Amino acid sequence: MPEDTDGCQETGRYEEADTMTRWWRRRAAEGDEGVGAQPPSDPNAQPSAGGPGNARRLTGGHITITEVTEGRPEREIARVKISAEEIHTMRARSAIDTLGPEHPDALTAIRELAQVLVALPGRGEEAVELYQHVARTRWTTLGDRHEETLRASAELADALHTTGQLGLAETAWRDTFRAQAETLGRDHPDTLRSATRLAAVLEDLGRAPEAEPLARDVLERRIRQLGRDHPDVLSATNAHAASLLKCGRHGEAERTLRALVPLLEDRYGPDNEKTIAARSNLGAVLVRLDRHAEAEQQIRAVVRSTEATVGPDHETTFTARNNLAAVLHAQERYEEAVPILRAILSGRVALQGDDHPITVATRDNLANVLIDAGHHAEAAELLDRCVRDYRRLHGPGHPRLRAAEERLDWLRSD
């Protein structure tokens, strides 16, 4: 359990209850009705494809109003749809009112509400607050090495990463990874998942050389355990190739991805998310190797697949279209790249928020293309915002901050 993460320190039981009371009062003040109501069962909950703790995918449902008359069959009068957020808010409130905020069943209900909120635009901070309550309570009542505590720690770390709190996410993942390695062993699936997520945070922090050994170690352990053709090994291979790409080891990354993409296409098909991810990485490598025509062909195919499978406003599609803008930029086709990046920036602001690290990176990318397109005034405005955001996200001296500052100084002196 992270000791240095904001809000994750061990606290007393009364403070825990007060924290949850404040959260519910704030939600009620925002107009959420039905405190203490008992929600209907959730018949539509489906198993999740993955994630910390093997969480379920939580969906909405409906309330059916029926007429019951003696001697006649039951007749449905109305059916009211309710969202996953409404269902799990009611369920959590009912559990807290009935059992108290530290009861195991209440913690499960709070955790499931957090799973819903973290996926909703603008609700990530609330999800983190709920995950913190669950993690602190598990730490206090079960100890720092209990299975439930480790699962809660992983979910909190994942939420911190999702909401763009990268420094806190790194601390949380490091502590979770260390605890799992000591308790479960380095080869345990949960430990390997945490190592993979820690590597992803380090990459997002611009520290790919620290991430690559972690990704390589996970891949080697997966191969020893499962063989080279197991789905988990294929996923770990793609993750390691992405680390090689971000480290600038483009030749190694290309060789890995050239072998991997056909395996994924044969196993899953060309439009599967795993295949798309590997092809997207291959396209990015080809851009770095200045093989632009081939890169554009790969990336346009990825864009078509993501738009068809997950839609135009999904983060996967934004990533694919960002890569397309990169290859257009590399070919000096600036007027084609600029509108693509404008649309991505607008979509990411709506999906992730204005201050999220991935939104900041998109703003930086747009500024770079605008500089080369000769739109210096707009580029300077965007870079000024990036400098402030990078200073907030990474602190002084970070390479991304220095690069943005240098470009901004050049524009202002021009």
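At roughly what angle do the axes of helix α6 and helix α7 cross? Keep that in mind as you start the tour, and remember that you are looking at a predicted model.

**Stop 1: the α6 and α7 pair**

Select residues 166-184 for α6, then residues 189-204 for α7. The two axes come within 9 Å and cross at roughly 155 degrees. Angles over 145 degrees count as roughly antiparallel, so α6 is roughly antiparallel to α7. Now turn the view until one helix lies in front of the other: α6 passes α7 in a left-handed crossing.

Next, show the side chains where the helices touch. On α6, the contact residues include Leu166, Trp173, Phe177 and Leu184. On α7, look for Leu198, Val201 and Leu202, among others. Charged residues join in too: Glu170 and Arg174 of α6 are among the contact residues, as are Asp190 and Arg197 of α7. By class, this contact has 10 nonpolar, four polar and five charged residues.

**Stop 2: the α14 and α15 pair**

Move along the chain and select residues 334-352, helix α14, together with residues 357-373, helix α15. Their axes come within 9 Å and cross at roughly 160 degrees, which makes α14 roughly antiparallel to α15. The crossing here is left-handed.

Show the side chains again. From α14, the contact includes Tyr334, Val338, Leu341, Leu345 and Gln352. From α15, Ile358, Thr362, Leu366, Val369 and Ala373 are among the residues taking part. Try colouring this contact by class: you should find 12 nonpolar, four polar and five charged residues.

Key
Residues are numbered from 1 along each chain as its sequence is written. This is a predicted model: local features need pLDDT of at least 70, side-chain atom pairs count only at pLDDT 80 or more; totals for chains, interfaces and linings use all residues. Side-chain values use heavy atoms; hydrogens and water are left out. Axes are lines fitted to C-alpha atoms, for helices over the stretch in contact, and angles run from 0 to 180 degrees between N-to-C directions. Helices (H or I, at least four residues) and strands (E, at least two) are DSSP runs, numbered from the N terminus. Angles under 35 degrees count as roughly parallel, over 145 as roughly antiparallel, 65 to 115 as roughly perpendicular and the rest as oblique. A crossing is left-handed if the near helix is turned anticlockwise from the far one by less than a right angle, and right-handed if clockwise. Contact means heavy atoms within 4.5 Å.
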